[in-house]
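Before you go further with this model, here are some points on its fold, its interior and its aromatic contacts. Please read them beside the coordinates.

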Amino acid sequence: MKRPVTLCGALALLAVAAPLTASAQDRGRTDGPEESEYGKGGYGDNRRGVSLQFDWGAAINSQENPRGAPEGPPLFVGATVSLWGDDWYRLDVSGAYVFDGGRFIGNVGPTFRSWGWPVAFTLGLKAGAIVIPEGEGLRFALSPQVGAELFLDRRDRVLMGLHYSPDIPIGGGGVTNRLFMNVGYRF
């Protein structure tokens, strides 16, 4: 009985004393090359900035286009400018042109990102305007968005994503369902 108690006591003493033997690291300097001060008490990791993204994909209108509206393939192109508050949220300003029906969609709103690297899931809610040609006119719209994004480089600058967004005009005009990819760069 004495032997296991002695062994447990020695292990407990070793567990308490081991961290005390670690030497403290000197305070870091911040006048060296960029990012050389990480882990030494210098600057923190800053995830703020601005990104510019190019969006493209499929866009399918739930209603038939008004008479006289442009006819085209069920595709769209657009761009998004994002102001990053941190790695987990940003404010997006986006615009898109839908070839089938000639709709222009402009949105502003937050996007929230899950914690993870290099893949993160996104959830956003944007509001703005949809311009529907040929008599329908300007409509206020809500655009919830769900998707996933992937950083393509070690410095988290090049970003690629896959998203779905239904653009819902208030007051009629039909929903535009967009499934799209984007590629962007964070400055």
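The numbered points below concern a predicted model, and they go from the strands to the cavity and then to the aromatic rings.

1. The overall arrangement is a closed barrel of eight strands, which runs β1-β2-β3-β4-β5-β6-β7-β8 with antiparallel pairing. From one strand to the next, the twist averages 25 degrees.

2. Within this barrel, strand β6 (residues 137-151) pairs with strand β7 (residues 158-169) in the antiparallel sense, and the pairing extends over eight bridges. To check the register, note that G147 stands opposite H163 in β7, while V146 stands opposite Y164 in β7. The hairpin of these two strands has six residues between them, and D156 there takes a positive phi near 55 degrees.

3. Strand β7 is also joined to strand β8 (residues 176-186), again antiparallel, by ten bridges. Here M160 stands opposite V183 in β8. This hairpin too has six residues between its strands, and G171 in the turn has a positive phi of about 100 degrees.

4. How many cavities of 30 Å³ or more does the structure hold? There is one, and the volume of the largest cavity is about 100 Å³. Its lining consists of Q53, D55, T80, R90, D92, S94, K126, Q145, H163, R178, F180 and N182. At least two residues of the lining come from each of β1 (49-61), β3 (89-98) and β8. Divided by class, the lining has one nonpolar, six polar and five charged residues.

5. F180, which is among the residues lining the cavity, also takes part in an aromatic pair. Aromatic pairs number six in this model. The ring centres of F76 and F180 lie 5.5 Å apart with their planes at 85 degrees, so this pair is edge-to-face, the cut-off being over 60 degrees. The pair links distant parts of the chain, since F76 is in strand β2 (residues 75-86) and F180 in strand β8, 104 residues apart. F76 counts as buried at 1% relative accessibility, and F180 is likewise buried, with a relative accessible area of 4%.

6. A second pair to inspect is that of W88 and F112, whose ring centres are 6.2 Å apart and whose planes meet at 25 degrees, so the pair is stacked. It links W88, in the loop between β2 and β3, with F112 in strand β4 (residues 103-113), 24 residues apart. W88 is partly exposed, with a relative accessible area of 45%, and F112 is also partly exposed, at 42% relative accessibility. Together with Y89, W88 and F112 form one aromatic cluster.

Technical notes:
Residues are numbered from 1 along each chain as its sequence is written. This is a predicted model: local features need pLDDT of at least 70, side-chain atom pairs count only at pLDDT 80 or more; totals for chains, interfaces and linings use all residues. Side-chain values use heavy atoms; hydrogens and water are left out. Two strands pair if DSSP finds at least two bridges between them. Helices (H or I, at least four residues) and strands (E, at least two) are DSSP runs, numbered from the N terminus. On a 1 Å grid over the protein atoms alone, a cavity is a set of points where a 1.4 Å probe fits but cannot get out, and a pocket is an open set with protein on both sides within 12 Å along at least five of seven lines; lining residues have an atom within 4 Å of a point. Grid points are joined across faces, edges and corners, and a volume is the space filled by probe spheres set on the points. Ala, Val, Leu, Ile, Met, Phe, Trp, Tyr, Cys and Pro count as nonpolar, Asp, Glu, Lys and Arg as charged, and the others, Gly among them, as polar. Axes are lines fitted to C-alpha atoms, for helices over the stretch in contact, and angles run from 0 to 180 degrees between N-to-C directions. Rings of Phe, Tyr and Trp (its six-membered ring) pair if their centres lie within 6.5 Å; planes under 30 degrees apart count as stacked, over 60 as edge-to-face and the rest as tilted. Buried means under 20% relative accessible area, exposed over 50%, partly exposed in between (1.4 Å probe, protein chains only).
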